[in-house]
Amino acid sequence: MVYPTRTVVEKLNFDNMPKLADDLIDYAEYTAADARTTRDTITGLDWSGVAKDAAVGRANSEYDQLMRVSQTFASLANAITSGHADMSSLANSLKSTATAYEDNNYAVSDAWKVTDAYNYALAESAAAGDDHQLAELATLKNTRARIAENATLWMERVARDFDTADTDTASAIRSANGALDQLAPPAAGLSAGSAKAIEDNWDAGRGLTTEQMYALAAAGNLSPEQIQALHAGLPVNIPQGQYDFLRTLFEGLDDESIDEITKLGGTGENGAAVRNLLSNGMQIMSNPSVSTGAGDKGGMATLPANVRTLLTEKLTTGTTKKRDFDNHSTIEYPHVPRVDEFDNLVRLLETGDSQLRMGTDIDRGILKQASEIAEASRSGRIAGPGEELLDTHGLLNRALALTSDDTTAVRDFTVGADTMNVTYADGRPYNADRHLDALFDYQWRGSDDGISDMYKWLKDNAGDSGNPFAAYKAADTASALGQYFGDTSNLEIGRDLGRTSPQLTQTLAHSLAPFLADFAGAHQPGSDHEFPLFGAEKLTPGELKNLLTTLDSDPTAAGVINRAGAEWQFYMAQMAGMDPGAASLGHAAGVLQDAMKDGLDAEIDYLKKEGIDDYSEKMRAAAAGRNILAAIPQVGAPLNAMLPVGTVEDLLYGPAPDYDSMTTEEIDRLVALRSETLTDPDVTKFAMFAGMAASDPEIRNEHPEWFDEDGNPSWEAIHGHSENERTLSERSSMTPAEREEYERQSEDRESLLAAWRSFMESSGHYSDWDRHHDSGVNEPDEPGQPPEGALDDSPILSIPGQGGPS
């Protein structure tokens, strides 16, 4: 049993509970009095007719509602009073009893365990030689041990009673609060007037009252249901009073600088709470999905003037010349006089609640301005407000990490949605390619955590049946990234991405892996087996090659994406084995295999020209060291279970290098690695065989030698058990009889493998697949033309069973 510890109980202070209960009783009485006054005033008027009847009916209804509020205030007060009486009494008993035992040479632990702390050693030393006194000491020790044991039981029981009282009180308070929220939601009492009173306090240098802090908290929050709606891409309606409160509050801040806004509330806990709620309010009010019943909407225009201009106006104002005395030269740096304000705004928004960051114009503005700062300072340095040189790495990393929670804004930023146009004060259209160029070409120098976070969510949201809007955004964003890196004009940025931003490249590899089949154009018309496409757009073979060239620019990312590509090919083959009508998937597999091969070769060739000769070895080591895990959701795992550990990596890249046992010539050959053996035909056949066996159990009965003892297709059974292989030195030490037996077994294994290959090639499944596969491999890989302008915001994706948002 877990009890409240002594440390916890001793820190508790119940002194404020009686006053809070008294205040609630006052609220109950005031509310009841207001209810009676309102009702009696309306019903006592000397008039008649339909209007009076309507007014009286409403007055009686409001009376009933207010009386329920009054009764709930009283219930809450009673819960607090009862809880105070029970908990304070029990806590005092625990504390006073523990102190009393300690005063009598007992020890009381944090878990309320009482032990005898009497100094028997000293007493026994003093009584040495006196048998009577020693006997009394022994009796005393036994007696005190029983007292300690009983005291422990008593204190544990009281601690348990305290925990029960605490739980009951909390439950009663939550119940009453819940009822109050239903009867009178926190935002319902907000108004423009209450916001003006807060501004008056700030202008006069006064702190906020408790009631004003409650009002600010009510305005700066949404209900769980409203937050869920935002994350599902649905509109959210807020009370008019909440909207008016925030609008008035932000209009009152129009003359305040960013620095002044971020210092509102002062220091300490109260100041931190004010900044948190201001941040939340800005997220709520800048969200175009937020509106009122009267038609008022959120958006960029509702933000304080200096916040709005900071996010929509050009931040760079020319250049500043700085003397480089070491190199006897002059360097021009972009001048960004408002960079400190941008930093302060990011810090303010970091204090807010991340769940409110979903589809807000303030996040769109942060993304756009961060990318333009990156564009101006590719080397990472700018001139600040006083023309002092500033490093931009930390600021940009934090700004992008902040906005990464807003996957709607990230999607809009990446695809070039019309919603991004609001980030320009002069009304010009937003250009996605320019801003992606700025972020992907920036020299991050190890600070690419933030931009990596921007795209981590794609994999988790791919095909999310629980949230079609999230799945749509992931597919749309993946499509835009695929088209961006597939565009030959961006290849110069892409093929260096792994060197400048390795973490980002690895994130992109993980995030885009689920969409490779979509990119390759996989489809399965007329098949009974649903193929798990995730809704991204098809790329041309050349675009896919360029994308894979980019993702191959980092060894670890290359291991991830090529492993995923192999898994997709194997899975397509497995589906074609289950259904001969799905053999057309072979075309997509061929496109994907050819793009994987050409992309990897192109990147290796480029890096060799750049003098990076160890890339191939790093890529092999990174891939060969990976566990056999599915690189794509709900696809690779079943097939992986049928392959022995290491098989896919070995077939993709060969074994991990072992320099200790390699000659210089062998190392040179390793460095010259190319990707001609990227996929092994036997593995494709095995994947197809697994599909055939799943749809035709009779194969298992006709050829049990190809299955394991559990009845699953077995790679080892078909190819011979690896433990039977012998090295050249082992074979040379065999006796003639042993060698003859070994060779006979080898011939048996070869015969078994040949029989299986013959079965597969004569089945018709593989020949149809192979024909489609060859057509995919031979498809011209010239990239298509990049899309003109921004992508259309209308649903452009077909997510099976889901579709895009309307």
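1. Among contacts in the protein chain that join residues at least 6 apart in sequence, 75% are between residues at least 24 apart. The model is predicted, and the points below should be read with that in mind.

2. The protein chain holds 37 helices and 8 strands. Of its 806 residues, 47% are buried. The exposed area of the protein chain is about 36900 Å², with carbon and sulfur atoms supplying 49% of it.

3. The count of aromatic pairs comes to 17. One of them is the edge-to-face pair of F14 and F162, with 6.4 Å from centre to centre and 70° between the planes. F14 is in the loop between α1 (6-11) and α2 (16-43), while F162 is in helix α5 (residues 131-183), so this pair ties together parts 148 residues apart in sequence. F14 counts as buried because its relative accessibility is 11%, under the 20% cut-off. F162, at 4% relative accessibility, also counts as buried.

4. Ring pairs also link a cluster made up of F689, W706, F707, W756 and F759.

5. Two charged side chains lie over tyrosine rings. R144 is over the face of Y106, at 4.0 Å from the ring centre. The charged end of K141 sits over the ring of Y120, 5.0 Å from its centre.

6. D554 is found in the loop between α25 (541-551) and α26 (555-578). Is this loop residue buried or exposed? D554 counts as buried, because its relative accessibility is 6%. The side chain of D554 makes a polar contact of 3.0 Å with the side chain of Q506.

Methods
Residues are numbered from 1 along each chain as its sequence is written. This is a predicted model: local features need pLDDT of at least 70, side-chain atom pairs count only at pLDDT 80 or more; totals for chains, interfaces and linings use all residues. Side-chain values use heavy atoms; hydrogens and water are left out. Helices (H or I, at least four residues) and strands (E, at least two) are DSSP runs, numbered from the N terminus. Buried means under 20% relative accessible area, exposed over 50%, partly exposed in between (1.4 Å probe, protein chains only). A polar contact is a pair of N or O atoms within 3.5 Å; within protein, one must be able to donate a hydrogen and the other to accept it, and residues adjacent in sequence count only if both atoms are side-chain atoms. Contact means heavy atoms within 4.5 Å. Accessible areas come from the Shrake-Rupley method with a 1.4 Å probe; for residues, only the protein chains shown count as cover. Rings of Phe, Tyr and Trp (its six-membered ring) pair if their centres lie within 6.5 Å; planes under 30 degrees apart count as stacked, over 60 as edge-to-face and the rest as tilted. A charge sits over a ring if NZ of Lys or CZ of Arg is within 6 Å of the ring centre and within 35 degrees of the ring normal.
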